[in-house]
Amino acid sequence: MLHKLKKYFPEEGNKCLLHYFFLSIMILLFTGTMYSSSKPGTSSQQNISGIVKDADGIPILGVTVLIKGTNRGTTTNFDGAFSLVASPTDTLVFSFIGFETFEELVGNRDFLEVSMVSNVEGLDQVLVVGYGTVKKSDLTGSVSSVTSKDFEEGVQTSTPQLLQGKAAGVSITQADSRPGGGFSIRIRGAGSITAGNEPLYVIDGLPGASINALNPGDIESIEILKDASATAIYGSRGANGVILVTTKKGVAGELRVNYDGYYGVQEVANRLDLLTAQEYVSFLNGIQEDQGLDPLFTPDQAALVGSGTDWQEEIFRTAPVQNHQISISGGSEKTNYYVSLNRLDQEGVVISTGFKRTSGRVNIVHSTDNFNFGLNLNTSLTESDLVPSGGINGAAGVIPAALQFDPLLSVRNAEGDYSLNQNVDLDNPVAQAETIFPVQETNQTFGSIYGEYFILDEFSAKINLGTDRSISRFDNYLTRITRRGQNTNGSANIFENEDFSNLIELTFNYNNEIGADHQINAVIGYTFQEFKGRGFNAGSQNFPTDAFLTNNLEAGAQSGYTVGSYKVENQLLSYLGRLNYTFKDKYLITGSFRADGSSRFGEDKKYGYFPSLALGWKIDKESFMEGLNDISILKLRSSYGITGNQAIGNYNSLVLLGTAGEAVFNDQQFVGIAPIQLGNPDLKWETTKQFNIGLDYGFFKSRITGSMDYFYKETSDLLLNLPIPSTSGFLNSLQNVGDTKNSGFEMSINSKNFVDDFKWSTSLNFAFLHNEVTNLGDLPFILQGDTRFLFDYTILREGEPINAYFGYKTEGVFQSQEEVDASAQPNANPGDLKFVDDNGDGVLNATDRVILGDPFADFTFGLSNNFEYKGFNLSVFLQGSMGNDLLNFTRVDSENPFSDLRNRQSYVLDRWTPDNPTDRNPSFINQDVSRAINDRVVEDASYLRLQNLSLNYTFPNLKVRAIKNLSISATGQNLFTITDYSGFNPDVNTLGTSNLRIDYNSYPLARIYTFGIKIGL
């Protein structure tokens, strides 16, 4: 950018934030020092060394070795070796994820060789579920778990990126690929049409926390709750699935300091093939000549064209990205701490774009015999440098303008000013990027604090308090250099938003083993969460100078002042309970119930009730399985439950008042107030009923493990805006009408192919999905879509997927006037597209539109292979989808431009002419905009992508005393994509989280190369 906007938050406020953060670090370090006393004793100290191996004799890296009763200890290196000072009476405790904890008395030895036993592929791994934890072996619901060891190397700037392709039945798309861009997640399809379909995020027990403010480097594990047994405990927010995020905690032992950083470069992975300057001249002259008109460019003018300007080359760049994180962790037997500080700086592959995030985290856990205390606190500051995006004609942003701007013009003219084509209503894309200043800054702090008191060994009470505070400001200034800025003589706008939520939870937990056969775990609780938001905006235009940017709105003309504000709030009051019962460690029952009261719904429908029941059977524990040694895990699961969806916005059930017109009385102007929304006291939840049956399996001593699930879920009482009689004073009303269903099959397979010095492991997950609208009440169909002056391009109709693409089918190009005369298009000409008269009535009109494609993938998958030898680790990750289509509005611009003088994609060169009677493309002379939505612009968006290729080397036997471990890595991301889709990226939705999915000049996907280093001190 030519200028840099000032920071929007007071400098003293930022200093205060940093002061508190570093003060917390100092307190924690002091606390760790206080608890660093060793176990008292009179025995002599001596150097103890040893090696830790698994049952196959393979050394294990990263095993925690502690002197029991103290926080003194160490970790094993690459060779499984360790060394520390201890006395003969000390007992060493060895622990590592996936293995049973092991204790060994030192005695009169100076060398120990320890063999750790696997706990059968993590069956004793504790998974986080709603309001509690459960052993993986006792799980009855459908839950996918992704831990930090599963995360890919390279640039991972947000939590959804960590999940892409990692969990069966979880589909992730990006609104655009700009730095800091948002993601959309669908778990087992989409059930709602107008309400939200995004899952609920719960970060360290705080529901609804913003996932965008979280540093992925702070995440320890992510659990995805998919079936109703797992999600019903979240009631009205569980219909779309729940994603539980657990951040890293400290581990008892000596203080650990870790640095994790990378630096990389990014480039556009795929560019569109546009007309060059010479091709542009030839194409336009050909269009003119075929219409019997004079060419736009004479032969002499055409000869002087030269190479022209490649506008993609002008706006795209090779951009750097870097990330640095320092974490400090440690603690004693009773108190553990984890503190981190992170800085991400990512420039975008489009000029003048970028994203910066500075974040800090403090996690503290303190435990005694009868009391647990915990604090999880996250704070972040994000800064986004943006450029104008989207839009059409004069409002078209940088990318759409670059794809359509005149290639004969240079970036600047002979006078040094930005070039403009007065015959085309588009702004110079470089001028927009360099002289329009949209900047967004968000300061967010969220966290939770809890205390748990054990009244009895089996019975405890826990209180959890949480809060989330976000302040965001967006500034945008349009200078008078650009065409749109000239229209207003400079325009400035500021939008400021504040969002708050507060949580209080009180739960009681009972966990007891009764005899040898019975185990009971139960939780009941009460929760209350409130959400508040408010905002303010102001604008001005007609400035005497551009120097003020947005920092002096009053410098604009008073006649152009704009101002606005809003405030919203809602509350959720809930009662919940769950019971887990295990009999003989074979038979499992889980039942849960939640009652939710929401202020968003009608006076008569405030409360909803959401039960679930799940059964599990550990078949491998049965006596008839004895002797079948090749089967190590075999568990059958089944569940049924009901969840809800309250993501409809605020006040939809109420009569609302707002401004409506103006009136003048006694020469004074007054603003009118009138009803702007019709109330509906019977408005209630969307309800989802889901059945799931699954099988967990493991073979050959768990060398092969995995799970498979079949699910069927129905969503009823859909919230739809239905037309009502105009005599009511309104055109529509939000009502509960309609049903949808999603069904599918999911499977995951994990294998350890080689386990000796050379290790090779494979993880594969895939899912099939069928989405369908099953009921729309009395309506035969509903048409949706409004983009680029084109309407009704998706349809809701029974038996079809939600928002299926809807338009005209083509069958080639008219080759002669005889074909035209015999068709349903009497006004067409040879060279025009031939559309199918679907109903055969001899007239081509809107009734001939058909389903053109399905936005939902039939099949999604992820495949990861990891190879290890000595200190080297090679990871290859492939991900993709099949059977999904995408409406490409960028191609619509090329097929039906608003002006023939706009540039197009190069395929138009192979157009129909009398000398080139092709059937692939029309003549592009007679544009039928009313039929622009057809099967030529709805494309197959199936793809296979090499998403991550990473080579890592861990240095063994480090001789540097201060460094405990050191590893380096080289990573490539988005290295190639195999697809028939003609746009920048088939895995995108310009409309963000909407079920209506299109691609319209989206920010291009970046290919990224990074070098990283991790140091442990």
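Which backbone oxygen lies 3.1 Å from a polar atom of the side chain of N428? The reply is in point 1; the notes below concern a predicted model.

1. Surroundings of N428. The backbone oxygen in question belongs to V411. A second backbone atom, the nitrogen of A431, lies 3.2 Å from a polar atom of the N428 side chain. N428 itself sits in the loop between α7 (398-404) and α8 (429-435). With a relative accessible area of 0%, N428 is buried, because the cut-off for that class is under 20%. Apart from neighbours within four places in sequence, the residues in contact with N428 are W311, F405, V411, Y418, S419 and L420. V411 therefore appears both as the backbone oxygen partner and in the contact list.

2. Overall dimensions. The protein has 1017 residues and a radius of gyration of 31 Å, which agrees with the value near 31 Å for a compact globule of that length. Along the principal axes, the C-alpha atoms fill a box of roughly 105 × 75 × 60 Å. The secondary structure consists of 11 helices and 51 strands.

3. Burial and contact range. Buried residues make up 53% of the 1017 in the protein. The accessible surface comes to about 44,200 Å², and carbon and sulfur atoms hold 55% of that area. Taking contacts between residues at least 6 apart in sequence, 69% join residues at least 24 apart.

4. Salt bridges across the sequence. The count comes to 41 salt bridges. One of them joins the side chains of E254 and K964, at 2.0 Å from N to O. This pair links distant parts of the chain, 710 residues apart: E254 is in strand β17 (residues 253-268), while K964 is in the loop between β48 (943-954) and β49 (965-979). E254 is partly exposed at 29% relative accessibility, and K964 is partly exposed at 33%.

5. Buried salt bridges. D893 and R788 meet through their side chains at 2.4 Å, N to O. D893 lies in helix α11 (residues 889-895) and R788 in the loop between β38 (782-787) and β39 (790-796), so this bridge ties together parts 105 residues apart in sequence. D893 and R788 are both buried. A salt-bridge network with shared partners joins D138, D585, K618 and K621. D475 and R473 form another salt bridge, at 2.8 Å from N to O, and both of these residues are buried.

6. Nonpolar patch. Which residues make the nonpolar surface patch of about 880 Å²? They are I449, I463, L465, I504, L506, Y526, Y575, F593, Y607 and Y609. At least two patch residues come from each of β23 (459-478), β24 (491-514) and β28 (607-618). I463 is found in strand β23 and is partly exposed at 38% relative accessibility. That value is over the 30% cut-off for patch residues, so I463 meets the accessibility condition.

7. Surroundings of N323. This residue is placed in strand β18 (residues 319-331). N323 is buried, with a relative accessible area of 10%. Its side chain makes a polar contact of 3.0 Å with the side chain of N342. Leaving out neighbours within four places in sequence, N323 is in contact with Y259, D260, G261, Y262, N342, R343 and L344.

8. Backbone angles to check. Most residues other than glycine have a negative phi. F700, in the loop between β32 (686-699) and β33 (704-716), has a positive phi near 55°. N1001, in the loop between β50 (998-999) and β51 (1006-1016), also has a positive phi, of about 55°. F700 is partly exposed at 43% relative accessibility, whereas N1001 is buried at 6%.

9. Separations in space. V126 is in strand β8 (residues 126-129) and, beyond neighbours within four places in sequence, is in contact with T133, V134 and K135. The C-alpha atoms of V126 and T276 are 59 Å apart, with these positions 150 residues apart in sequence terms. P88, in the loop between β4 (81-86) and β5 (91-95), is buried at 16% relative accessible area. P88 and G250 are 162 residues apart along the chain, and their C-alpha atoms are separated by 28 Å.

Terms used: Residues numbered from 1 in each chain as written. Predicted model: local features only at pLDDT ≥ 70, side-chain atom pairs only at ≥ 80, totals over all residues. Heavy atoms only, no water. Helix = DSSP H or I, 4+ residues; strand = E, 2+ residues; numbered from the N terminus. Buried < 20%, exposed > 50% of the residue type's maximum accessible area, 1.4 Å probe, protein only. Polar contact = N/O pair within 3.5 Å; in protein donor to acceptor, adjacent residues only side chain to side chain. Contact = heavy atoms within 4.5 Å. Patch = residues over 30% accessible without salt bridge, like charges linked within 9 Å, V, L, I, M, F, W, Y side chains within 5 Å. Areas by Shrake-Rupley, 256 points an atom, 1.4 Å probe, with all protein chains shown as cover. Salt bridge = Lys/Arg side-chain N within 4 Å of Asp/Glu carboxyl O. Rg over C-alpha atoms; globule rule 2.2 N^0.38 Å.
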